[in-house]
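These notebook entries record what I looked up in one structure. I began with the enclosed space and turned afterwards to the sheet and the confidence values.

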Amino acid sequence: MLYFSRWKALGIVLTALAVCLCAIPNFFPESTVKSWPKWAQRHLVLGLDLQGGSHILLEVDSNSVRKDKLDQVRDDVRRVLREAKIPYTGLSVRVDAVEVRVSRDSDWPTALTKLRELSQPLGGLMGSSGQRSLEVSDAGGGLFRLSVTQAAINDRIRQSVEQSIQIVERRVNELGTVEPLIQRQGLDRILVQVPGLQDPTRLKELLGKTAKLDFRMVDNTVSPDQASRSNVPPDSELLMSAQSPKQPYVIKKQVLVSGADLTDAQPGFDQRTSEPIVSFRFNTSGARKFAAATTENVGLPFAIVLDNEVISAPVIREPITGGSGQISGNFTVQAANDLAILLRAGALPAPLTIIEERTVGPGLGQDSIEKGEMAAYVGSILVIIFMLLTYRLFGLFANLAVAINVAMIFGVLSLLNATLTLPGIAGIVLTVGIAVDSNVLIYERIREELRGGRTAISAIDAGFKRALATILDSNITTFIAAAVLFYIGTGPVRGFAVTLGIGILTTVFTAFSLTRLIVATWVWWKRPQSVPI
């Protein structure tokens, strides 16, 4: 156990040194670190509880999710009946159900069969749950009712939250913030924490917009004045302009191209007017649909609709076949930049409502840092003194190994660009105790071997060899607990679990490689007849 080949000893030293060096960027100002190579810019990020920032709790609009689900069912009913060539009337949404009346009584059995095919079993990777998305019933007289189940609504809300988390993360990252915390809470809520962001106004504006972009045609069959008097055609709707003064438009409901077909959006300036604009580019499918729509409607106005507001309604002068275009609408520079961010991130599947907002000041974070540092210093000093008094020279070896252990923890966290929170600091302090405990087990085993009559070198070798199983058992069980905390816990609990888990790995490395190498080097150099322990 005490023999190390030259290459093995060199590998242990270089590994410890390389990991410790990863912590160096934390000791330099961020402005200095930015001038370093990209691979050397990794460093710890202080969490919300240490450097302050913004805390926002969002809620998915369940009513909007319900409405979208019913609209989808209505469109599916229309498609199915048309494909089956079954005439119908009165297709409409009634509260939580879609109703349709089939005209011919001879088509009623076929219509019922086709409509029941729209009801799909609910379930995920684990299989069907036994519940279905729709309850299809025959109300008599050719009237069929398709009711959306609550389980289907909950499933759609869950999907909306999962999709919204990805979109919110992209939007927040576009602001240039570092290590935001975005996670689900409950069935329909999303927690957003952005360390270092003291003014959340712009963030709230970005998160609060659905950013649902559509390209539709303007309905010229009726004027906006006539439409405002409740004479809107059934396939159109009355929308207002996004700019003030508000101007009404009659817009067809049919979407020519949706924002989902966008691949990129960038802010810029119009070369003729120097006004801020947003340039966009479609994917292959979107470019084909946009080219077909503009070719068929030359000379007619079409509307660019964002969140049910008309940004602009230009006239199609010629077919647009290049798959790209630009949006103008009296934007400011920041408004154009924000719109580009929203379009690049994608549209939210449902509106998000801010139900809780907090701004944590940096003063609280600084106080937490100072108290955390004080606790770490006091605890470490007491541990160092105890080890020196109890184990003398070997206590010095243990203290050196623990110092390297802590440096390696910061190195690994920096390498991962991890966020350090106050519970994370507690995990590091706890790791110091665990690391010392491993050395205590080894040294006490050496003492037992000495009392049993072994020679100094034999006792040291046996102490390391026989303490291995005990140390591995204790650290593995602690690591399992840290893993459970990480996968089940949220927020600060996960931060504690990360630092504790990394600390356990570095502790095992230092106890069985580094400490053993230090002791083996001392034995090779001194050839002791007794052990100063």
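Entry 1, the largest cavity. I looked up which element contributes most to its lining and found helix α9 (residues 284-296), with three residues. I bore in mind that the model is predicted. I then listed the full lining of this cavity: M217, L256, F290, A293, T294, F302 and I316. I sorted these residues by class and obtained six nonpolar, one polar and no charged. For the space inside the largest cavity I noted about 40 Å³.

Entry 2, the number of cavities. I asked how many cavities of 30 Å³ or more the structure holds. I found two.

Entry 3, the second largest cavity. I recorded a volume of about 30 Å³ for the second largest cavity. I read its lining as A401, V402, A435, N439, T507, T510, A511 and T515. I traced the lining to its elements: α11 (362-415), α12 (422-451) and α14 (492-526) each supply at least two residues. I noted that α14 has the largest share, at four residues. By class, I entered four nonpolar, four polar and no charged residues for this lining.

Entry 4, the sheet. I followed an open sheet of four strands, in the order β9-β10-β2-β19, and noted that the pairing is antiparallel. I marked β9 (181-185) and β19 (352-360) as the edge strands, since each pairs on one side only. I took the turn between neighbouring strands of this sheet, direction ignored, as 15 degrees on average. Between β9 and strand β10 (residues 189-195), which run antiparallel, I noted five bridges. Within β10, I found I190 standing opposite R184.

Entry 5, the helix on the sheet. I asked which strands helix α6 (residues 150-174) touches as it packs on the sheet. I entered β2 (53-60), β9, β10 and β19. For the direction of α6 against that of β9, I noted an angle of about 170 degrees.

Entry 6, confidence. I noted an average pLDDT of 84 for the protein, with 95% of the residues scoring at least 70. Among the elements, I found the highest mean, 91, in helix α1 (residues 6-21) and the lowest, 62, in strand β6 (residues 127-132). I also marked residues 124-128, over which pLDDT stays under 50. For that stretch I recorded three contacts beyond four places in sequence.

Key:
Residues numbered from 1 in each chain as written. Predicted model: local features only at pLDDT ≥ 70, side-chain atom pairs only at ≥ 80, totals over all residues. Heavy atoms only, no water. pLDDT = per-residue confidence, 0-100. Contact = heavy atoms within 4.5 Å. Pairing = 2+ DSSP bridges. Axes fitted to C-alpha atoms, helices over the stretch in contact; angles between N-to-C directions. 1 Å grid on protein atoms, 1.4 Å probe; cavity = no way out; pocket = protein on both sides within 12 Å on 5 of 7 lines; lining within 4 Å. Points joined across faces, edges and corners; volume = space filled by probe spheres on them. Nonpolar A, V, L, I, M, F, W, Y, C, P; charged D, E, K, R; others polar.
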